Amino acid sequence: MDYSCQTSLVPCGQDKYISKNELLLHLKTYNLYYEGQNLQLRHREEEDEFIVEGLLNISWGLRRPIRLQMQDDNERIRPPPSSSSWHSGCNLGAQGTILKPLTMPNIQISDADVPPESDQTPSPTEARGLKPLQEDTPQLMRTRSDVGVRRRGNVRTPSDQRRIRRHRFSINGHFYNHKTSVFTPAYGSVTNVRINSTMTTPQVLKLLLNKFKIENSPEEFALYVVHTSGEKQKLKNTDYPLIARILQGPCEQVSKVFLMEKDQVEEVTYDVAQYIKFEMPVLKSFIQKLQEEEDREVKKLMRKYTVLRLMICQRLEEIAETPETI
């Protein structure tokens with residue numbers, strides 16, 4: 001990558017900018033940390049706009065269950081096929097037989113098979129060059145017992161499973177299931193999305209929810225930068241999560257990006273975070289020292305104003321004793 005010096009500015013939030021040169025230095029450190037991994041970021045310029053793109057790790061920090069969609073956008077997840085449904089490209093008969101499909105390509109019909117000409121309109125099957133199925137015509141391609149058909153109906157073929165999973169990502173191995181369509185992801189488990197530096201927080205939220213086919217509204221969630229010190233900083237709608245991650249540094253032992261509910265989490269400033277991890281006796285000793293300092297300041301002020309009051313009273317008495325001059 002070319003980390004040559006640049007002079008233009010890159011937006012990192014509402015009315016907030018960073019020089020391209022400084023951002024490239026952060027980006028170089030970021031990529032050195034993830035050297036040889038797929039979390040390295042790339043940058044490019046498009047129409048004089050500096051763009052960084054790559055994978056962003058996001059940790060699940062939800063306390064309430066989420067809802068997964070029953071079906072994908074382009075394909076419905078079908079229930080297990082019964083003995084009378086289409087399965088694995090074959091049509092199962094009532095007695096467990098497999099009938100030929102009605103649309104067989106490249107079927108050749110000999111002259112002996114062509115029916116005599118008549119004034120009647122040919123049927124749809126005849127118009128396609130197919131013979132109508134006759135009850136006495138043997139159509140058995142492969143026999144199977146009823147027990148075998150029922151047993152297969154409860155198991156998806158590997159091709160069906162691959163087809164379904166192609167359209168649906170899993171959350172720690174969890175795919176949609178009617179019994180567990182509402183569940184809470186394990187706290188702290190990590191996923192990732194491929195984004196770029198021009199995507200704002202709402203856009204990243206929508207992309208993440210769409211990846212896992214989550215029905216909940218993006219308005220219910222927010223992204224937080226959580227530090228090991230306990231500091232929690234909520235990313236605004238005008239912030240760019242990928243830029244924020246780069247500026248925070250690559251090490252996730254120092255800070256992580258969490259997906260959390262808006263109404264369940266409060267921001268914690270750095271000043272407050274310093275005291276979060278102290279034990280209760282230590283915090284009580286801090287409070288006691290603050291109370292003692294406050295008492296000293298109160299007594300100091302009381303002495304000051306007491307002396308001031310005495311001086312005022314003394315001055316008033318002197319004025320009262322002084323005879324009035326004509």
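**Helix packing, burial and a hairpin**

Guide: Helices α1 and α6 of this predicted model are roughly perpendicular to each other. Residues are numbered from 1 along each chain as its sequence is written, and side-chain values use heavy atoms, without hydrogens or water. In this predicted model, local features need pLDDT of at least 70 and side-chain atom pairs count only at pLDDT 80 or more, while totals for chains, interfaces and linings use all residues.

Visitor: Why are α1 and α6 called roughly perpendicular?

Guide: Helix α1 (residues 20–33) and helix α6 (residues 241–248) pack at about 75°, with axes 9 Å apart. Axes are lines fitted to C-alpha atoms, for helices over the stretch in contact, and angles between N-to-C directions run from 0 to 180 degrees. Angles of 65 to 115 degrees count as roughly perpendicular, under 35 as roughly parallel, over 145 as roughly antiparallel and the rest as oblique; α1 and α6 are therefore roughly perpendicular.

Visitor: Which residues make the contact between α1 and α6?

Guide: Leu23, His26, Leu27 and Tyr30 of α1 meet Ile243, Arg245, Ile246 and Leu247 of α6, where contact means heavy atoms within 4.5 Å. By class, this contact has 6 nonpolar, 1 polar and 1 charged residues.

Visitor: What makes Thr191 buried?

Guide: Thr191, in strand β10, has a relative accessible area of 9%. Buried means under 20% (exposed is over 50%, partly exposed in between; 1.4 Å probe, protein chains only), so Thr191 is buried. Beyond its neighbours within four places in sequence, Thr191 is in contact with Leu56, Asn57, Ile58, Trp60, Leu208, Lys211 and Phe212.

Visitor: How do you know that the buried residues of α5 line one face of the helix?

Guide: In α5 (residues 201–211), the buried residues are Thr201, Val204, Leu205, Leu208, Leu209 and Lys211. Seen down the axis of α5, they fall within an arc of 160°, so they line one face; the arc is that of the directions from the helix axis to the C-beta atoms. They pack against β4 (49–60), β10 (190–196), β11 (221–227), α6 and β13 (255–261). Just after α5, Lys213 has a positive phi of about 55°.

Visitor: How do you know that β1 and β2 pair?

Guide: Two strands pair if DSSP finds at least two bridges between them. Strands β1 (residues 9–13) and β2 (residues 16–19) run antiparallel and are joined by 4 bridges, so the condition for pairing is met. Pro11 stands opposite Tyr17 in β2. The two strands form a hairpin with 2 residues between them, and Asp15 in the turn has a positive phi of about 60°.

How values were computed: Nonpolar A, V, L, I, M, F, W, Y, C, P; charged D, E, K, R; others polar.
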